[in-house]
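Subject: Structure for you to look through

Dear colleague,

I am passing on a structure that I would like you to open beside this email. Please keep it in view while you read, since the notes below go through it part by part.

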Amino acid sequence: MSPHSTRKSLLIILSVLSIVVSGTFLISIFARGYRLDTDNGFKLKATGLLSATSKPKSARVYINDILTTATDDTINLSPGEYQIEITKDTYLPWTKKIKIQPELVYQTDIQLFRATPNLKNITNANIFNAITNSDATKIVFAIASASATQKNGLYLFEPSEFILQLSDSSPKLIAPSTLLQDWTKFTYQFSPNSKELLASAINGKINYLLPLDQTITSKNYVDVTSKLNEIKTRWLTEQSQTTKIKLEKLPPSLVSFISTTSSVLFLSSDENKVLYQASTSGSLATLLPSPPPTQSTQTQNRDLIKDFYYIYDLKEDTNFLIGDTSLSSLNWLPGSNYLYFQKENTIYVIESDATNKLSLYTTDKPIKAILPSSEGNKLILSVDKLYSLTIKDNR
C-alpha cells in the first residue's frame with residue numbers, strides 16, 4: 001500500500017472517530033439538558049428537565065397556565081420557578097410550584113384522584129363498635145340485624161383488592177351472637193401484633209381475650225378481668241418493642257422530637273419517609289451535612305410544635321407540617337406518596353410535602369374508622385354500615 005493510501009485511510013479513520021466522539025459528546029450534553037441558545041450568539045445553555053408522568057396516563061400538562069403537553073413526556077425548561085398543573089376529565093387537578101435546576105430532572109410521577117369516588121356497601125346491615133388495628137390493616141365490628149343475609153355476631157375484615165364484595169368469606173364471622181352473647185354490647189381493642197382482641201362488656205362486668213389467628217369457640221369465653229393489668233402490661237411491652245424497631249431506623253436528633261406514646265408513627269411503603277407526632281416544641285436541625293441536589297424546594301417546617309403531625313424525609317432531610325390534632329385516622333396510602341386523614345366528616349388526601357391537599361368525600365354521618373385496601377385504591381369506611389370508597393385507579 002502506498003504512503004498516500006495509508007495517509008488517506010488514517011484520515012478517514014480519524015474523521016470517523018472525531019464524528020463518533022463529537023456525536024457522543026453532543027448526545028451526552030443534550031441528555032444533561034444543554035440546548036443551543038441562538039439569542040446569545042449560538043452558545044450552549046444549561047436547562048433542566050421536567051419529566052411529567054401520571055396515573056392514569058394522558059393527562060394535560062399546563063406550565064404557567066399554558067397547555068404544553070400530555071403526561072408521559074419530558075420537557076426542557078430554563079432554570080427557574082414554574083407553576084405546574086396536571087388535569088384530566090373526571091379527576092381532581094394536581095398543582096404545584098416547582099423549581100427547575102440546571103442539568104437536573106424534576107419528576108412529577110403523580111397520582112390523580114377521582115373527582116367523584118365510587119361508594120359501595122360492604123355490609124347491608126348496620127354495624128356497631130367498629131375499630132381498626134394500629135397499622136390499619138384489619139377492622140372488627142359487630143352486627144345485630146334481622147336480615148337473613150347477614151348473621152348476627154362479631155366480624156373481622158381484612159381488605160384486599162379481591163374481596164371487597166360481600167360473600168360467605170368476606171367479611172368473616174368470627175364469633176356468632178347468641179341469646180346469652182350479644183357482641184354489640186362490647187367494645188374492642190387489638191393487641192399490638194393484632195393476633196388478639198380484647199372484648200370488654202360495655203357494662204364493665206366481663207372481659208374476653210379472643211384469638212384472631214385461630215378459630216374462636218366457647219372455650220375462649222373466659223372472663224379475664226382479673227388478668228387485665230397483666231395483659232395490658234404485656235401489650236405495652238410489645239408496643240414498646242415495635243416502636244423501638246421503628247426508631248432505630250431514624251436519626252437520633254429526630255427521635256428526640258418524636259412522641260413514642262402517640263398512635264401516629266408510620267414509615268412510608270419505601271421506608272424513606274416517616275410520619276410522626278412531635279413530643280415537644282423546638283427546632284429540628286439540619287441532619288445531613290450536604291442535602292442532595294434533588295431535595296424538595298417546597299417550604300419546610302423545621303420549627304416543631306408539640307403534638308402537631310409532620311413528615312420527615314430520610315433521604316432528602318426535609319420536614320413538612322401535615323396538621324394539628326384536629327386530624328384523625330392519619331396514615332399512609334399504600335404504595336403512594338400520599339397520606340389520608342379525616343377531619344370532622346370529610347376524608348382528605350395530602351402529598352408528603354404538604355401540597356395537594358384534596359377533599360375526597362364528605363358525609364353527614366360520623367365516620368368511625370378508616371382503613372385502606374392493600375393497593376390503596378379504596379378506603380374502607382365504618383359509618384352506619386361498612387363501605388368501600390374507590391378513590392383512584394390502579395393503572
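A good place to begin is the hairpin of E27 and E28, where two residues lie between the strands and Glu 344 takes a positive phi near 55°. Please bear in mind throughout that this is a predicted model.

The two strands of that hairpin, E27 and E28 (residues 346-351), run antiparallel and are joined by six bridges, and if you look for Phe 341 you will find that its bridge partner in E28 is Tyr 348. Tyr 348 also has a charge above its ring, for the charged end of Lys 357 sits over it, 5.0 Å from the ring centre.

E27 has a second partner to look at, strand E26 (residues 328-332), with which it pairs in the antiparallel sense over three bridges; here Ser 328 has Gln 342 of E27 as its bridge partner. E26 and E27 form a hairpin as well, with five residues between them, and in its turn Gly 335 has a positive phi of about 65°.

How enclosed is strand E27 by the rest of the structure? Five of the six residues in this strand (residues 338-343) are buried, so the strand is largely enclosed. Tyr 338 counts as buried because its relative accessibility is 3%, below the cut-off of 20%.

Turning to the aromatic rings, a search of the whole structure finds nine pairs. One of them joins Phe 113 and Tyr 338, whose ring centres are 4.9 Å apart and whose planes stand at 75°, so the pair is edge-to-face. Because Phe 113 lies in the loop between strand E11 (110-111) and strand E12 (118-121), while Tyr 338 belongs to strand E27, the pair ties together parts that are 225 residues apart in sequence. Phe 113, at 1% relative accessibility, counts as buried.

Another aromatic pair, Trp 183 and Phe 186, is tilted, with 5.1 Å from centre to centre and 45° between the planes, and both of these residues are buried. They belong with Tyr 208 and Tyr 221 to one aromatic cluster.

Finally, please look at the open sheet that four strands form in the order E13-E14-E15-E16, with antiparallel pairing. Its edge strands are E13 (127-132) and E16 (172-176), each of which pairs on one side only, and the twist averages 20° from one strand to the next. Within this sheet, four bridges join strand E15 (residues 153-157) to E16, and Leu 156 has Lys 172 as its bridge partner in E16.

With best wishes

Note on methods. Residues are numbered from 1 along each chain as its sequence is written. This is a predicted model: local features need pLDDT of at least 70, side-chain atom pairs count only at pLDDT 80 or more; totals for chains, interfaces and linings use all residues. Side-chain values use heavy atoms; hydrogens and water are left out. Two strands pair if DSSP finds at least two bridges between them. Axes are lines fitted to C-alpha atoms, for helices over the stretch in contact, and angles run from 0 to 180 degrees between N-to-C directions. Buried means under 20% relative accessible area, exposed over 50%, partly exposed in between (1.4 Å probe, protein chains only). Rings of Phe, Tyr and Trp (its six-membered ring) pair if their centres lie within 6.5 Å; planes under 30 degrees apart count as stacked, over 60 as edge-to-face and the rest as tilted. A charge sits over a ring if NZ of Lys or CZ of Arg is within 6 Å of the ring centre and within 35 degrees of the ring normal.
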